[in-house]
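Here is a short report for someone meeting this structure for the first time. It goes from domains to helices to chains.

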Amino acid sequence: MAASRPNRLFRNLSAKIAAIPMILTALVVFVGGTVWTVAYSFTSSKMLPKWKFVGLDQYERLWETRRWMVSIENLMIYGICMLIFSFVIGFILAALMDQKIRFESTFRTIILYPYALSFIVTGLVWQWVLNPEFGVQHILRSLGWESFNFDPLYNADIAIFGVLIAGLWQGTGLIMVLMLAGLRGIDQEIWKATRVDGIPAWKTYIFIVIPMMRPVFITTLVLVAAAIVKVYDLIVAQTGGGPGIATEMPAKYVYDYMFGGQNLGQGFAASTMMLLAVLIVVVPWAYMEFGSKKRG
Amino acid sequence: MADVTSTLVGPRGPKPRKILTRNNIMIYGTLIIVSLYYLLPLWVMVMTSLKGMPEIRMGNIFAPPLEITFEPWVKAWSEACTGLNCDGLSRGFWNSVRITVPSVIVSIAIASVNGYALANWRFRGADTFFTILIFGAFIPYQVMLYPIVILLREMGLYGSLTGLIMVHSIFGMPILTLLFRNYFSSLPEELFKAARVDGAGFWRIYFQIMLPMSLPIFVVAMILQVTGIWNDFLFGVIYTKPDLYPMTVQLNNIVNSVQGVKEYNVNMAATLLTGLVPLFIYFVSGKLFVRGIAAGAVKG
Amino acid sequence: MTKLQTILTATSAMCCVTAAHATELEVTHWWTSGGEAAAVSELAKAFDGKTEHTWKDGAIAGSGNTARPVMISRITGGDPMAATQFNHGRQAEELVEAGLMRDLTEIAEAEGWKDIVNPPSLLDACTLDGKIYCAPVNIHSWQWLWLSDAAYKTAGVPVPTNWSEFVAAAPALTEAGLVPLAMGQQGWQQKGAFDVMMIALLPSDVYLKVYDEKDAEAAAGPDVAKIFQAADQARAMAANSNVQDWNQATNMLITGKAGGQIMGDWAQGEFAVAGQVAGKDYHCLPGLGEKNVLTTGGDAFYFPVLDDADKTAAQGELAALMLSPEVQVAFNLKKGSLPVRGDVDLSAANDCMKKGLEVLNNAETLPGGDQLITQDTTRQIEDLMVEFFADTSLTAEAAQERFAEIIADAE
């Protein structure tokens, strides 16, 4: 900073005042709320929070509960598939769009529009499209493909992929747009240079362009990962966790036990586990991003 | 395989091309197929909402209606029942407006000032708070649901619009602040320095220099927030009461309060109605949306 | 009318109020199916018509599992509604203990609830430390097997008269392309059906041992094993029942697509709305036709403590009104449930309701599950049942083992 003033505390006073909402949010809600929840996860709170310490009881019960295990498994499957597919598809689409094509904005508009819709809307639409009695399966069978079987909403083994299809439909557009912006940020000289050297395009993408786009990838990862952890509405609208418990997710377990089951302690314990899982992924990233001092 | 690679090796960039090269067929072919996949659910929604129930039971969800009827739309908007309230989605629509407009304004105002303070006025500890804030974007909402119930209760805001607006501002803060911080950091620093030398203070620089230069990012933030808040379900369900329920919650209620048979056409009309506002905003401002998102994300 | 005036004085005396001004009471409930909505509008009509206050409907769709969280968080969040439905029993226990629910004892005494509520166990479920906290409005019993005459006609077999005949008739229905047992794929429905089988197919003491005494050994024992076998059969019979909501399942009966459904007496409301007649279009078997037994759970209204004096007075009027004879009759006829007072004229009741009344007056009744186990335990059993009914690789034995574990941990 160019200007220097005598008193450190009052330096940038307006900036500090302006940042009060942020500071309060960060400390009271994010830190305070999290600490509170973690602390009460060690209690036997039922409908109302009560400070009755029971140690790790809630966690023991949690990890013995089959529904929780299924939820974790589902989140892993959904999360990993979502990341891989949305990044691969998003990037390929972005690369195609970057070929100086006609109607680029039309294509982009079409691919991005589902992102504007809520998960409730997404879930309900796909519930309808995948409905075996009316939707895709019915149509393909009536077209003569009698043995065609695709009923993810009724078949527990593939139900989670029914949700994945809806999730990808809603979210891939955003990734494509972010990737496309990243590609547009690449210096045209690089393309010229690789062309002169005769390096094939796919090699240029993988070995030159993608490493250059690291910041874009990271930001995108941040956005997508945050969305995946919070997945709740989609499940509620599309499958309600069913069939059986085949598409249950941790976020829904938390809500169901915290409010529906009137067992706050169990809900807090489950949400603490979600938090822990998130931290394991996020801390290394944060360390990389913010650990090293650099001026943006 | 050899063919594919050889076509890819070809020159790219602003060179004039023939229209029907293999390359183009592949690119457009892929894009058209993908576009069809993306459009299909919208098509199905619209078609289903224009059919009568008998036709839905008989027919094919992809086929256009033989007889177009707007009755499902009327029903979804003004007649569908949740319990005794048979005023359809219209009430939820106005609730959503009353929730979204102030929430968007408040959250953007706060986040833009935050982003500006973080980008240009880096005071001690700012990075720490910012890091916590970004972590906040990852903390599953579930962890903070209950503490916020308590917080709102203590402030006497539970169940009120103000309370919900506060919740939206809090949870919108991480991403928006990140967006604004990145954007303001990308503006030429000389501008800011020059203004400082001229003796302009925090707010004057913000209003006179930063604001006018950052219209696009404000539009982006607005679009993000309008769609985000309009589409919210969880907070609407937890922090409001039935007469303040936003449209998404009402949609879910209407679809779930089945009386007799499921009326898929009304459900789809209701679903479309709920999606109309964000879709409208998106189609009108599509380009800015895209350009802005890029500006926010790329300069990470 | 005089009774109402007594109440008016009772409530205003109670609460330091001047005259009760006309006010609006928000009432939350989860009655959103056709028959239920018709019933609740009877309550609203009576309240709007007979008092100067207005009923503001706060219906929350879904099942109780969706609605209760909303209600509870509003009450604990300091934004209580004026009155709210719960299944009486342990669902609102903690809210009462925390002093968030209004003590209705004075109104109950003025109205003489102790004398009129039948069976008295209903009022016991509203009572904590000698004080009454809720107004029971109906008696619901779960133990009914509903049968679609049309479906059995299509299949060419006579309508069953008990559970074993029902099971025996299943193959004929399957052959005719029908679903023998309609069941919505939601935990509370599946747990409900399971409990019904436990009550109807075994001596009652097994049910009480498991749910009242939380005897894990009994839960793991050979008697309950039979029930898991029966549930296994039910699972096979319901394999093609791809509906979610209970009333969609009932609709399968109404349209003759399914043979039977195990569901509470509220299913009757759906038949009524569809214009079907008991004994002609559909049949009902209390206790699955095996045993004359019903549980007496039900719905009750709780009244959160409010600051507003006018509203508090109006709450009292609403509570009294809910148990008044006319409202009881009108409401329960629409709802398909039984009135909480034995002294009202139910000549308008249909066949099934009369059967229920008879059991209630002459035969055995048991406390409902809501009164015996906590919502937490209920939820765990629901999760187990949802999984069991959806996943045929989960054997009856394995499920019973997990059931016994849940009972062992129950409070």
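In this predicted model, the C-alpha centres of domain 1 of chain C and domain 2 of chain C lie 30 Å apart. Domain 1 of chain C covers 2-140 + 296-341, and domain 2 covers 144-295 + 366-409. Each domain is thus written as two segments of chain C.

How many residues do the two domains of chain C bring into contact? Domain 1 gives 21 residues, and these are in contact with 20 residues of domain 2. On the side of domain 1 of chain C that touches domain 2, two elements give two or more residues: α2 (34-50) and α17 (325-335) of chain C. The largest share, five residues, comes from α2(C). By class, that side of domain 1 has three nonpolar, 14 polar and four charged residues.

Helix α2(C) has another partner, α16 (residues 309-322) of chain C. The axes of α2(C) and α16(C) come within 11 Å and cross at roughly 125°. That angle makes α2(C) oblique to α16(C). The crossing of α2(C) past α16(C) is right-handed. From α2(C), the contact uses C:Leu43, C:Ala46, C:Phe47 and C:Lys50. From α16(C), it uses C:Leu318, C:Leu321 and C:Met322. The contact of α2(C) with α16(C) has six nonpolar residues, no polar residues and one charged residue.

Now to chains A and B. Their contact takes in 81 residues of chain B and 82 residues of chain A. Which helix gives the largest share of the side of chain B that touches chain A? Helix α14 (residues 264-298) of chain B does, with 16 residues. The side of chain B that touches chain A divides into 53 nonpolar, 23 polar and five charged residues.

The class make-up of the three contacts is set out below.

| Contact | Nonpolar | Polar | Charged |
|---|---|---|---|
| Side of domain 1 of chain C that touches domain 2 of chain C | three residues | 14 residues | four residues |
| α2(C) with α16(C) | six residues | no residues | one residue |
| Side of chain B that touches chain A | 53 residues | 23 residues | five residues |

Chain A also carries a record. UniProt, in an unreviewed entry, lists residues 72-287 of chain A as "domain: ABC transmembrane type-1". In the model, this span of chain A is 73% helix and 0% strand. The end C-alpha atoms of residues 72-287 of chain A lie 26 Å apart.

Technical notes
Residues are numbered from 1 along each chain as its sequence is written. Chains are lettered from A and ligands numbered from 1 in the order in which they are written. This is a predicted model: local features need pLDDT of at least 70, side-chain atom pairs count only at pLDDT 80 or more; totals for chains, interfaces and linings use all residues. Domain bounds come from an automatic or database domain assignment. Two residues are in contact if their C-beta atoms, placed from the backbone, lie within 7 Å. Helices (H or I, at least four residues) and strands (E, at least two) are DSSP runs, numbered from the N terminus. Ala, Val, Leu, Ile, Met, Phe, Trp, Tyr, Cys and Pro count as nonpolar, Asp, Glu, Lys and Arg as charged, and the others, Gly among them, as polar. Axes are lines fitted to C-alpha atoms, for helices over the stretch in contact, and angles run from 0 to 180 degrees between N-to-C directions. Angles under 35 degrees count as roughly parallel, over 145 as roughly antiparallel, 65 to 115 as roughly perpendicular and the rest as oblique. A crossing is left-handed if the near helix is turned anticlockwise from the far one by less than a right angle, and right-handed if clockwise. UniProt positions are given in the numbering used here, feature names are shortened, and annotations may be inferred rather than shown by experiment.
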